[in-house]
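Visitor: I'm new to this structure and would rather get to know one small part well than rush through everything. Could you pick a ring and show me what surrounds it?

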Amino acid sequence: MDIDSRNWRCGIKAQLLVTSVLLLLQNFLVISEVFAEATSSVHIVYMGDKIYPNPETTKKYHHKMLSSLLGSKEAAKNSILYSYKHGFSGFAARLTKSQAKEIENFPGVVSVIPNRIHKLHTTRSWDFLGIHHYHSSSSKTVFTESNLGEGTIIGVIDTGIWPESASFNDEAMGQIPPRWKGVCQVGEHFNTTNCNKKIIGARWFMKGMNDHTKNLIHGKDTKEYLSARDAIGHGTHTASTAAGYFVGNANYKGLASGIARGGAPLAHIAIYKACWDISVGDCTDADILKAFDKAIHDGVDVLTVSLGFGIPLFSYVDQRDTMAIGSFHATAKGITVVCSAGNSGPGSQTITNTAPWIITVAATTIDRAFPAAITLGNNNTVWGQSIDTAKHNLGYVGLTYSERIALDPSDDLAKDCQSGSLNETMAAGKIVLCFSVSDQQDIVSASLAVKEAGGVGLIYAQYHEDGLNNCGLFPCIKVDYEVGTQILTYIRRARFPTARLSFPKTVIGKWISPRVASFSSRGPSTMSPTVLKPDIAAPGVDILAAFPPDGTTKSSGFTFLSGTSMSCPHVAGIAALIKSKHPTWSPAAIRSALVTTASQTGNDGNFISEEGSTLKAADPFDIGGGHVNPNKAMDPGLIYNTTTEDYIQFLCSMGHSSASISRVTMTTTSCKKGKRQALNLNLPSISIPNLKRAATVMRTVTNVGNITAVYRAMVKTPYGIKVRVEPQILSFNSETKVLTFNVSFLSTKKLHGDYKFGSLTWTDGKHFVSSPIAVRTIQFESSY
């Protein structure tokens, strides 16, 4: 009886406890929901193209709308961060979820999106591209024909600039163009004297980032400046690559010494700092859109934007793709927008910034390398690469393999030299060989682990990955798995293995190049496979350019960086050169000139290869039209022009309604009916992702070469496809400057297949206007 009574009382207590916990949980969830609802966060209220020509009228309209929502002018003033009133209409403001949902139904509002964070895509290259600073009176080069980009303005949306760099000297610069409307915004360690005839404008945008992080960016854990001054170095590097002036004896610790300059040395630079030193270069939607808006207002000719989103991609009419929206309005105003393709290669379908009005740039290697010798104790020498020149005077010292000196032999952490995995007694005074076995470790982290354990040098064996990293004052050399295995074999055979690490040296012209960089994101576009991406490829591996000094007196003010972030400003600089020579050309015309004159062959005369999981010939999804050729791009012969209306019809072809497109463009949109609208967008490339049996695409070219010219078609046919061009001859004269032709494709296979590649080239004997072709035959619609 007592036991039963006790059990009954315990049961009642348990039930009461469970009930109490459930009630507390329910209250917690309610309170959390209320708190979440009451908590405001930044949202972007996008309203399409601007309604009023006067920016101040547009701003007042935004404040009035927000006051109506929040109940007072004071509340609206405290809520709003930015008013977008130049290139397009909208604003960024702090709103609760319910407020964001309510304002979405206001007249004129296209959409309301939450503010998100995005990442940056992080000398010899110009000589490699054929742009030489020297020339004779009888030779024509891209520099002499374009006046080095004089009079053009390149806008840089990035992490800011280090204005004291010699690359931004303005002694040879011409006057600031009278059309310029920008300002030199003052801030921390940045005043109006930091602008000059080279850096003609500088703005910074941090309201979106500051609200997102809920604290000031400036603090103990960051070296950031609340100004346009660059704390990271990324923006300084890209700006000098695009338009830096000539700097003699530029080098990185003695390596790659030579004359550094940008693609358009006499172009002016306008800085729009929208990315900050938070997790190495974060940028928010609100700040990015404001940078685009101000750049449109200020009057830039070209925008270089080395940042982007990850997979999956948003629709181009979805305002969450702020890069597509901002660049659309910029392009509609005649600004050429150049963006990086992303660093998620070598896998296919990883490319970003795929809107057809953007010039999307892949990354390639150049013919410069930094080999470093590793001499083993048996007098055999193997080679790796390094950019570490710190004096170490090691001579021959002990050499060991990381697994031999593992602190815990039962785990694999020591194989790639994870932090704390090495036995300090056994590592002391030795060079350590490590093998990369995970994505969590790299040569820099491994060097820190070896140094902590008392080692004196690192040999890091890994799969092929383009780009070299600096290990600070610690000697480290990167080798491939084959060389790493040779060294390991020696270690296993030798009784007392030793090695000597030599300093790297600069070697030019001995490496097959260009090759598509291993990290460069690949096509096809997952959002619009009828738009062939990337458009073009340019140098992006171990690029030497200006960089903030590291605080030491020995700092050269230059460093190596790799990424499509580096290839993007190369093309932006060339776009400025083209704009300088052809000031009336549209962004589409400039893109066409770049794509149709690009090269598909390397310095060995063979096809450009791509550095993926295996080495193969590069295809259009790796390099687009090919490797950029600045000299030929100045005189392309023919161009494929594209208008804003063409882009609108393309958006129609993607299934968007006239109403939704009109809300974005603020134009009267009438979607034309047609099955092939997407295929017929007048691009300098052709991509057919769903060829069942037959398809015909239409293109229009404009003669920009000799007034009287006759072009004939040459086709490199994709395997399994029959191609017919009609007409096969295009004749131009003073009255006929624009002609249209059709290209018909017929599949000879009844199999579901992969993409096959070819090209269409129009030539008059002097010009070769080449368009890449990608075709995929399908049998099942659901496969793509």
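Visitor: Let's take Phe435: is it buried or exposed, and what is its relative accessible area?

Guide: Phe435 is buried, with a relative accessible area of 10%. (Buried means under 20%, exposed over 50%, and partly exposed in between, using a 1.4 Å probe and protein chains only.) Before we go on, this is a predicted model, so local features need pLDDT of at least 70 and side-chain atom pairs 80 or more, while totals for chains, interfaces and linings use all residues. Residues are numbered from 1 along each chain as its sequence is written, and side-chain values use heavy atoms, leaving out hydrogens and water.

Now for the company Phe435 keeps. The whole structure holds 21 aromatic pairs, meaning Phe, Tyr or Trp rings (the six-membered one for Trp) with centres within 6.5 Å; planes under 30 degrees apart are stacked, over 60 edge-to-face, and the rest tilted. Phe435 pairs with Tyr481: the ring centres are 6.2 Å apart and the planes meet at 5 degrees, so this pair is stacked. Phe435 sits in strand E21 (residues 431–435) and Tyr481 in helix H13 (residues 481–493), so the two rings tie together parts that are 46 residues apart in sequence. (Helices, H or I of at least four residues, and strands, E of at least two, are DSSP runs numbered from the N terminus.) While Phe435 is buried, Tyr481 is partly exposed, at 32% relative accessible area.

For another arrangement, try Tyr640 and Phe741, an edge-to-face pair with 6.4 Å from centre to centre and 75 degrees between the planes. Tyr640 is in the loop between strand E32 (638–639) and helix H18 (644–653), and Phe741 is in strand E38 (residues 738–747); these distant parts of the chain are 101 residues apart. Both Tyr640 and Phe741 are buried. Rings can gather in a group, too: Tyr46, Tyr82, Tyr84, Phe88 and Phe205 make up one aromatic cluster.

To finish, here's a buried spot without a ring of its own. Val541 lies in the loop between strand E27 (536–539) and strand E28 (543–546), and its relative accessibility is 7%, so it counts as buried. Setting aside neighbours within four places in sequence, Val541 is in contact (heavy atoms within 4.5 Å) with Thr364, Thr365, Asp466, Gly467, Ala517, Phe519, Leu561 and Ser562. One of those partners, Phe519, is 22 residues from Val541 in sequence, and their C-alpha atoms are 9.6 Å apart in space.
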